[in-house]
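Please examine the sequence and the structure shown below. The explanation that follows leads through selected parts of the fold.

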Amino acid sequence: MQITKELIERYHLGQCSPEEQYNVEQWLESDEVEMSFPEKTDLAILQNKGWKRLSNRYQILIETMPARIVKLRNYRMIWQLAACAVFLLGLATFYYIHTIGRNNFPKNNTIVYKEIKTVKGQKLSVTLPDGTVAWLNSESVLRFPESFRGTFRKLEFSGEAYFSVAKDPSKPFIIHTANTKIQVLGTKFNLRALTAEKTTSVVVVEGKVQFSENSDKQGLILTANKRGVFENVSSEAIMKAEDVYTSKYIAWKNNELLLDNVTLEEAVRILESWYNVNITISRPALLRERYTGNFSNPTLKQVLESIGFAVKFSYRQERNNYILY
């Protein structure tokens with residue numbers, strides 16, 4: 001049956017036959033028209049919410065319509081279907097959360113860690129969640145949680161770094177290396193714990209540091225201008241403290257290369273890490289030669305020429321390799 005203007009007008013006046021009424025209601029429920037309103041909706045509300053749309057389409061003069069209560073027989077069915085849809089959606093959500101999605105939601109007590117690494121020739125500054133700043137030297141690894149929870153601020157480290165620890169007396173700051181533990185409340189210090197070296201050292205620039213073995217044995221209390229050294233030699237752990245000039249140990253942070261009475265073999269290891277190159281000493285006698293020098297933001301060529309002049313060697317470059325002879 002074709003839906004006409006006259007048929008729509010008679011439907012709203014209640015003058016349709018059962019067949020006409022059925023066809024109009026089927027049309028109203030189709031995708032073409034959406035009308036679903038609570039019971040006792042008057043004509044003004046009906047006009048605002050949907051009837052105006054129909055009247056514009058069929059040029060129906062709304063002002064001629066009687067102001068009467070319009071009841072749509074299908075509203076109960078629509079509300080029942082909506083309630084059923086909501087129930088099914090809730091049931092599906094409950095099933096997903098308690099079965100499929102259970103393992104996909106992060107637990108509140110799960111700690112997520114970040115790991116920062118530097119390679120040869122790289123230095124990097126990192127700000128931790130509590131505001132602590134760590135300057136990492138080459139070939140260092142720093143592992144820390146995205147947020148510090150509980151009563152401690154714990155992290156793991158290997159390599160060399162300078163720490164400026166944010167003060168928080170309620171949460172001690174603890175660094176674990178392979179063999180030692182450093183605990184502070186807020187201070188500045190340099191930590192050297194290279195995997196290639198047998199010693200771990202801490203140089204305190206400001207404040208106070210507790211330096212001990214990971215076994216929680218009684219350690220050292222270090223204050224400014226003190227250096228603590230842990231060394232594991234012949235299965236015997238040795239821990240000692242000494243007075244130092246801190247500027248010597250933190251020169252690298254300011255891109256100053258300081259070589260203090262080191263053998264050429266030691267100097268080569270430092271230069272390889274600093275510049276990310278390979279250096280070979282072809283003359284064995286050079287290994288025992290010692291050198292002292294201080295450079296500010298130098299090039300590798302400047303350093304090699306200075307050491308070569310003092311120790312009496314020449315060098316040649318083959319791509320990323322340098323041979324001392």
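The paragraphs below treat paired strands, one residue within a strand, and the nonpolar cores. The structure is a predicted model.

We begin with the strands. Strand β7, residues 180-184, runs antiparallel to strand β10, residues 208-213, and 4 bridges join them. Within this pairing, Lys181 stands opposite Ser212 of β10. Strand β10 also pairs with strand β11, residues 220-223, again in the antiparallel sense and over 4 bridges. Here Phe211 has Leu220 in β11 as its bridge partner. Between the strands of the β10 and β11 hairpin there are 6 residues, and Asp216 in this hairpin takes a positive phi near 65 degrees.

We turn next to a single residue. Thr200 lies in strand β9, which covers residues 199-206. Thr200 counts as buried because its relative accessibility is 5%, and the cut-off for buried is under 20%. Apart from neighbours within four places in sequence, the contacts of Thr200 include Thr180, Phe211 and Val229.

The nonpolar cores come last. In soluble globular proteins, nonpolar side chains tend to be buried together. The largest nonpolar core has 26 residues, and Leu257, Leu264, Leu271, Tyr275, Ile307 and Leu324 touch the most other members. Two or more residues of this core come from each of β14, α6, β15, β16, α7 and β18, with α6 giving the largest share, 6 residues. Leu324, leaving aside neighbours within four places in sequence, is in contact with residues including Leu264, Val268, Ile279 and Leu304. A second, separate core consists of 25 residues, among them Ala134, Phe144, Phe163 and Val184.

Technical notes
Residues numbered from 1 in each chain as written. Predicted model: local features only at pLDDT ≥ 70, side-chain atom pairs only at ≥ 80, totals over all residues. Heavy atoms only, no water. Buried < 20%, exposed > 50% of the residue type's maximum accessible area, 1.4 Å probe, protein only. Contact = heavy atoms within 4.5 Å. Pairing = 2+ DSSP bridges. Core = buried A, V, L, I, M, F, W, Y, C linked by side-chain atoms within 4.5 Å.
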